[in-house]
Amino acid sequence: MKTVGAVLWEPGTRSGWSVEEIELDPPKSREVLVKLASSGICHSDDHVDTGDIPLGWGPILGGHEGAGVVVEVGPDVTDVEVGDHVVLSFLPSCGKCRMCAAGVSQMCVMGGGVLGGFAPDGTHRIHARGQGVGPFSYLGTFAPYVVAPLDSVVKIDADMPLMPASLIGCGVPTGWGSAVYAAEIELNDTVVVLGVGGVGMNAVQGARHRGAKNIVVVDPVASKRDVAKDFGATHAVADFAAAMELIAQMTDGQGADRVLITVGVAGPEIVEQANQLTRRGGVIVLTSAAPVLQRQVEFDLFTFAMSGKRLQGTLYGSTRSRLDVPLLTDLYKRGELKLDELITKTYKLEDINEAFADMRAGKNIRGVIVYDD
Ligand SMILES: NC(=O)c1ccc[n+]([C@@H]2O[C@H](COP(=O)([O-])OP(=O)(O)OC[C@H]3O[C@@H](n4cnc5c(N)ncnc54)[C@H](O)[C@@H]3O)[C@@H](O)[C@H]2O)c1
Ligand SMILES: [Zn+2]
Ligand SMILES: [Zn+2]
């Protein structure tokens, strides 16, 4: 079918997104065609434009945070049918590999190929200007229709509104799970969240669910600091120096129990800051993507070992899509997870470059592309 999509022809060159006609093939074996309601704009999409995540291939159809309705199923599709409402997970889960069987489906072997430039079977479903286009995360939600692998699709109840559901494709579980699963926040903990955008704001919600006593957010943008209080932050400061002072007061100089890094682009400085904010025996969670070629961090290894701290990486906030997508929609319906409030502004697909400019300027918690007919 012919539709439109936002394509990066030269990833890594900050060329911006070109909204143009694309051709989608019909779904093949174990694939479905989904008509999207909306797509969130995650900072990870920007990394392929800036080159912080160098792809080594192009063109790419961006977007990996979507929800919609199944409109066509390919051969061998048993789990969902036409008319089902689904969230598209930015990480697939095959259900059969060792990692899936071990209950860590965010580490599914299929995940290794999500930025490989093809559908899981190594061919293209998307075409533009007469050539194949690779998808972001096997998806490409910057188009009103997506041919998605069944392993990336999670069915949700039809009474779950689709626009907030789209954020459960990446940012919400990544932030929420960073706090709940990766940091293993405990009752009464003092927690610091560094950077409260679309991911970090959900880390704040996760910290609140776990019963943290103090949730200190650090963000240079005043509006983010204000909004963070509605999501459960107890304190908000603009920079590292203010955070150090506050945490020292709160903890009698001991340091925070858990520190989560959810800034737009990670680097050595933020990891060092997180380390300084963390108490002995505490946990630092690194959720943010750093530029792939960033290899060095100044780290006092002796003190690190003797401090008993843990530096924990996390993919998808260590959530498992088939378990946590239904859990998060349920929490939303029970009024225990804010999703609508994450959406600062909606955009039409043709205004996608404005949406990215707003993200970089710190204007949005989440910008969302809305598709109409
Ligand atoms: N690990 C994963 O599986 C995973 C999944 C999704 C996103 N990510 C990554 O998470 C990061 C956050 O994504 P997002 O969509 O929330 O980005 P975003 O741009 O919406 O939010 C980033 C926030 O960090 C703030 N910030 C920037 N520098 C800061 C600093 N030095 N101190 C404190 N705050 C600072 C910004 O003002 C902004 O509010 C990105 O690097 C993204 O690629 C990782
Ligand atoms: Zn994302
Ligand atoms: Zn698997």
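## Report on a predicted model with two ligands

Glu184 lies in the loop that runs between helix α4 (171–182) and strand β11 (190–194). The structure is a predicted model. Although Glu184 is not a glycine, its phi is positive, at about 50°. A second backbone feature concerns Pro59, which is found in the loop between α1 and β4. The peptide bond leading from Gly58 to Pro59 is cis, and its omega is near -5°. Most residues other than glycine have a negative phi, and most peptide bonds are trans.

### The zinc ion

Ligand 2 is a zinc ion whose protein donors are Cys42 (SG), His64 (NE2) and Cys170 (SG), at 2.0 to 2.3 Å from the ion. Along the sequence, these donor residues follow the spacing C-x21-H-x105-C. Cys42 and His64 are 22 residues apart and link distant parts of the chain: Cys42 belongs to the loop between β3 (31–40) and α1, while His64 belongs to the loop between β4 (60–61) and β5 (66–73).

### Ligand 1 and its surroundings

Around ligand 1 there are 30 residues, of which His43, Asp219, Gly264, Tyr316 and Arg366 come nearest. By class, this shell consists of 15 nonpolar, 12 polar and three charged residues. Helix α1 (residues 43–50) makes the greatest contribution to the shell, giving three residues. At least three residues of the shell come from each of two domains, namely domain 1 (2–169 + 339–370) and domain 2 (175–314).

The table lists distances from an oxygen atom of ligand 1 to polar atoms of the protein.

| Residue | Protein atom | Distance from an oxygen atom of ligand 1 |
|---|---|---|
| His43 | N or O atom in the side chain | 2.6 Å |
| His47 | N or O atom in the side chain | 2.9 Å |
| Gly264 | polar backbone atom | 2.6 Å |

On its own, ligand 1 has 880 Å² of accessible area, and the protein covers 85% of this area.

### The barrel

Five strands close into a barrel, in the order β1-β2-β7-β8-β4, and their pairing is mixed. Strands of a sheet pair through backbone hydrogen bonds, and the pairing may be parallel or antiparallel. Strand β1 (residues 2–8) and strand β2 (residues 18–24) run antiparallel and are joined by six bridges. Within this pair, Val4 stands opposite Glu21 in β2.

Conventions
Residues are numbered from 1 along each chain as its sequence is written. Chains are lettered from A and ligands numbered from 1 in the order in which they are written. This is a predicted model: local features need pLDDT of at least 70, side-chain atom pairs count only at pLDDT 80 or more; totals for chains, interfaces and linings use all residues. Side-chain values use heavy atoms; hydrogens and water are left out. A residue is near a molecule or strand if one of its heavy atoms lies within 4 Å of it. A polar contact is a pair of N or O atoms within 3.5 Å; within protein, one must be able to donate a hydrogen and the other to accept it, and residues adjacent in sequence count only if both atoms are side-chain atoms. Accessible areas come from the Shrake-Rupley method with a 1.4 Å probe; for residues, only the protein chains shown count as cover. Helices (H or I, at least four residues) and strands (E, at least two) are DSSP runs, numbered from the N terminus. Ala, Val, Leu, Ile, Met, Phe, Trp, Tyr, Cys and Pro count as nonpolar, Asp, Glu, Lys and Arg as charged, and the others, Gly among them, as polar. Domain bounds come from an automatic or database domain assignment. Two strands pair if DSSP finds at least two bridges between them. Donors are N, O and S atoms within 2.8 Å of the metal (3.2 Å for Na, K and Ca); water is not among the atoms, so sites may look incomplete.
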